[in-house]
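Below is a short briefing on core packing and one helix in a predicted model. Contacts come before the wider core, and chain totals come last.

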Amino acid sequence: MAEWNAYYQNEDEYVDRDEFEVDYKCAGRDSLVFLVDASKEMFIRGEDGEPSPFDMTMQCVHSVYTSKIISSDKDLVALVFYGTEQSKNPRNTFEHVYVYHDLDSPGARRVKDVDGLRGENGAQVADETMGSGKTNLVEALWCCSNLYSDVKLRLSYKRLMIFTCRDTPHRGDCERDRQARTKAGDLKETGVVIDLMHLMKPGGFDVSLFFCDVVSPPEDESELGLQMEPCGKLEDLRKRVRAKEMKKRSMASLRLNLCLGEGMNVAVGVYITVRQTKKPNAVKLYRDNNEPVHTKTRLYHTQTGSLLLPSDTKRAQVYAGRQIVMEKDEVDVIKKFSDPGLELIGFKPMERLKLHHHLRSALFIYPEEETVTGSACVFTALLRRCSERNVFALCKYTQIRNSSPRFLALVPQREELDEGQAQIEAPGFHGIFLPYADDIRNLDAPQLPTASDAQVDKMKEIVHKLSFKYRSDAFENPVLQQHYRYLEALALDPMAPEHIEEHIEDHTVPKVKMIDQCLGSLAQEFKDLLSHCRYTATNIVTSWPCVCSAEEAGGAEKKPKVEMSEDELRARVQKGTLQFGVKVTGTKKRELIDTLKAQLAK
Amino acid sequence: FQQNRCNEYSPGNVLVSVNPPLLEISGSCPCVLPNKDTLVLCLDVGFSMSNSATGQEPPFQQAKKVIQKFVQRQVFAENKDELGLVLFGSDNTKNNLAKDDQYQNISVHRHLMIPNFELLEEIQNDVQPGSQQADWLDALVVCMDLLQNETLGKKYERLNIVMLTDLNTPSSPDQLDIIIGNLKRAGITLQFFLPFPVDGGGSNPPHGGKALSREQQQGLEMTKKVMMSLDEEDVTGVCNPDLSVFKRVEKRPMAWPCTLTIGSSLSIKIVGYKAVCEERPRKSWSVVDAQTHQKDDIKRDVVYCLNDDEETEVQKDDTIQGYRYGSDIVPFSKVDQDQMKYKTDGKSFAVLGFTKQSMINRHQFVGTQVLKVFAPKDDEHAGVALSGLIRALDDLKMVAVVRYVYARNGNPQVGAAFPCIKEKYECLVYVQLPFMEDLRQYSFPSLENNKKYTPSEDQLSAVDSLIDSMMLVEEDGEKKDLFKVNHIPNPQYQRLFQCLHHRAVNPSVPLPPMDPWLTTALQRPLAVATRCQAPLETLKKKFPLKEVVKKKELKTSKELFGNSCLGTGRSTSLAELFGNG
């Protein structure tokens, strides 16, 4: 009956199907093991009150757990400590290795567990449960490798992150080091990617002493594999973990041909770098045992009551009173225009890409050298020249079989690195969806008067006062955060949802008080300018006589705000001290006023 | 009529413009306002319409196609526009004005009615070329008479007459001024579709066709006179439109009145409209019984099953709701749900702050629409205030970052309001920005710093020639864009309506192939395709591409980890890679 379900699920032809979701499922689960050093050194607080390396690590693990729950709750995560006094692992065959969480998808209990390891209290809890003892990374790595093999699911991506502040875990025991390297080699052979999240230690962390042979090599010779600088700040560590943890998943992407012309097919992968994370749908549970139930949809014949097969049905639409009937196959095939792929139409100067031509989140296109050799080279050449010439490539895009074409503007994006050589922007093309004629609405814009220069200038002051540095990751979705906050609380204590009054911090709500304070009198001044212009044009002259005359002297007609009483100004004008006895170097209003103010201040 | 040149595909066609641009009408009371058009198609079926140069489709067939396409669009648009059809040069005579030898061979084939499939079938089967000739001016008068009589007492937004003729009949110009006067008085707009291009003047022989006859030249002069004296805009009506395009299903823009706030003391009244949004057909497919074609013969039934081996069915009443929290499933009562829902006070367009436009990445736009935000129509105060903000932002190259809430208890968004200053209006353009949870910051291996992939100068210049040859915007003089996506109708719906029409009129025939114009409209323009041939060949030579034969797919974890205790892995020295320290 399973096929039945699949058959009727997408009944509405025009509901956006999440076509990429399919790929995620086939790809298997991603897995991530946190291997954390629990030696004494990890619990030493940094100078200037920085949290201890252990504390920082737990904060990171906590945020990875919660973000996994929100964005990819099928992924498996494990938390393993090494250098512990106590040992706890599946077969208890490894010493000084403490498997806190084995590989599983994170849930409320785990989040709470990790939460309990944070801060001062957390250090105490860790000490009581695990303690610090001898370090044997060989055993630790071996144990991790067993965690992977114990999982019955297909794993698509295996990552191991080592968190430590000690560059010589075995204190120079060469034999141990050698064994650990070998063990790490085994893990890497089986597809596990090993990363080092090394933390600040007095005297600096020397990667070359041991760890450089443990971690995975960069994916190609040019990738900056190991960051030499250890993390001293929680924010840095979080960013580093996030960047690694979010490692592109080529399995989840779509492999297509970018056809430049007949016989010239470049293999590319299509990725989604931005996609709206929505609140998940509710699941139905059986009342008696809270176990999930699944639904089956069946079609019956109303008269005979007999079960209908898909082939017993057709599709119909009614227009102008006439019913038009088609086979289900016909309905599908109507949507087919061409085979999946990207087809180059031509190039356009970048200014032809209109800001308001936006329909849905953009795609990211990166070459697939593994599919067609030579792809990366053409791609790089195209990327470079498009970027240098400030043009975009216009492409016809057919996502999957039987999906109708859309046009994409491929906007070049060259690689950008920050000071620490970490990638800020990946090299590739952003694919911006362009609207068809049908997608653009005709609007009737109202005819209204426009603002005067004085009004615009006043507004500029307001804008300046409230300007900030926008970062795309600065806003959390309050709806999601609240949803998961409640769920977490309910999962831990189903009886007491009322207690959850802990409010999430909602950054989408404007901080009205702060804004008002920042603006001060500016808001009123802007409003005054509005009413002046409309009702009492003469008021402006009468209320600002001196300034107006001063402005005329400067050749400007705007009304600046001069911090000086009107009377004083008037007096000075009368005395003649407002004459420009100074050299006016600029003609900009700002400069004139500054000069004026400076002169008056004398 | 139908000189489709793929590279000059211009959907700014005339019949589309017959419909008035949508006026701002609030969505609440559409029935009160007349939003109907009336149109009479006036088709020349006279014998000269059947003549054509060898290899060309006779004007009659072209005109018939135009009419079919137009009626099709009207049928699928399902609006209340009424349509009439008048044939002239027909063998029979059927009109109110016919008397003695006046207004002969002019037949009112269909009175003003909402078009339907019956009309389409009639056009397909019954409208055939005649053996007579009739004066096109007489036919015009019959159409005017039809419009006047049949719209009496009804309200219409516009009255239109569309004339399809080769102008190959002698007509008497003596009544011309009176006719023009009447057209003006009645507010009737007129359009011509002629089977030859009308540029320069009628005396030049049209490209690729035979020279115009004397009658045609004279007719063209008269046509121009009529059009000139009516309305300048309509002169452009004399051209070859591409009528294959189905009329887009226009929706009235829904006004979203709100207040833009900056802190507690500054608020500006605004109205938002969806400006860009993926348009979908209004109708979807319903499932019908294959035999009876009846929807009611089919009943859909949803059952709930336990995840046990027997898939035991349980009653819906015995199920409760829950949500996943990672590996946990948390049962959730309705009360819980109400309590935990994020609540918003109501509509909001509140400024959180301002930032440089360069801080906003275009490729990070999310959401599925773009709003344009104006001040309310008659609110000058708001107009000036908003204009102040728009201009300030524009001068400073900044945007407002705002919290947007559509309605009470709607999900809040954070978005950017960009300033937009056009010749005729100013507005803010609002686009949603991502939340932290929406971002996937993947990193990719470097391309340009990788020696393996670094293109040579030679290769780069090959790419340059390709770009040169494939520029879609021609730089010389007026910048002409050869491929405007925003002028292409969504091909999915064009194809859908083509098939629906076909099936409606020919129920038992397989679906037709794709309209050739549609295929062409989606391809590289011919001029560009020709131009880029040589550069493409060079490119192919300079960049050898080779498909990799896939090795066996990744081994499963079980295979890989079967003997996890074996330690045979070679230890790679990475020291070299990291520069030995």
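Beyond its neighbours within four places in sequence, A:Leu260 is in contact (heavy atoms within 4.5 Å) with A:Val266, A:Leu344, A:Val378 and A:Leu382, and with B:Arg524, B:Leu536 and B:Leu539. The model is predicted: local features need pLDDT of at least 70 and side-chain atom pairs pLDDT 80 or more, while totals for chains, interfaces and linings use all residues. Residues are numbered from 1 along each chain as written, chains are lettered from A and ligands numbered from 1 in the order written, and side-chain values use heavy atoms, without hydrogens and water.

**Nonpolar cores**
- The largest nonpolar core (buried Ala, Val, Leu, Ile, Met, Phe, Trp, Tyr and Cys joined through side-chain atoms within 4.5 Å; buried is under 20% relative accessible area, 1.4 Å probe, protein chains only) has 97 residues, and A:Leu260, A:Phe347, A:Leu394, A:Tyr397 and A:Phe407 touch the most other members.
- Helix α10 (residues 375-389) of chain A gives the most to this core, eight residues (helices are DSSP runs of H or I, at least four residues; strands are runs of E, at least two; both numbered from the N terminus).
- A separate second core of 43 residues includes A:Ile69, A:Tyr100, A:Met197 and A:Leu480.

**Helix α9 of chain B**
- Buried residues of α9(B) include B:Leu460, B:Val463, B:Leu466 and B:Ile467.
- Their cover includes β12 (341-349), α10 and β15 (391-398) of chain A, and α12 (526-531) and α13 (533-542) of chain B.

**Chain B**
- Chain B has 14 helices and 20 strands.
- Of its 581 residues, 52% count as buried.

Technical notes
Buried means under 20% relative accessible area, exposed over 50%, partly exposed in between (1.4 Å probe, protein chains only).
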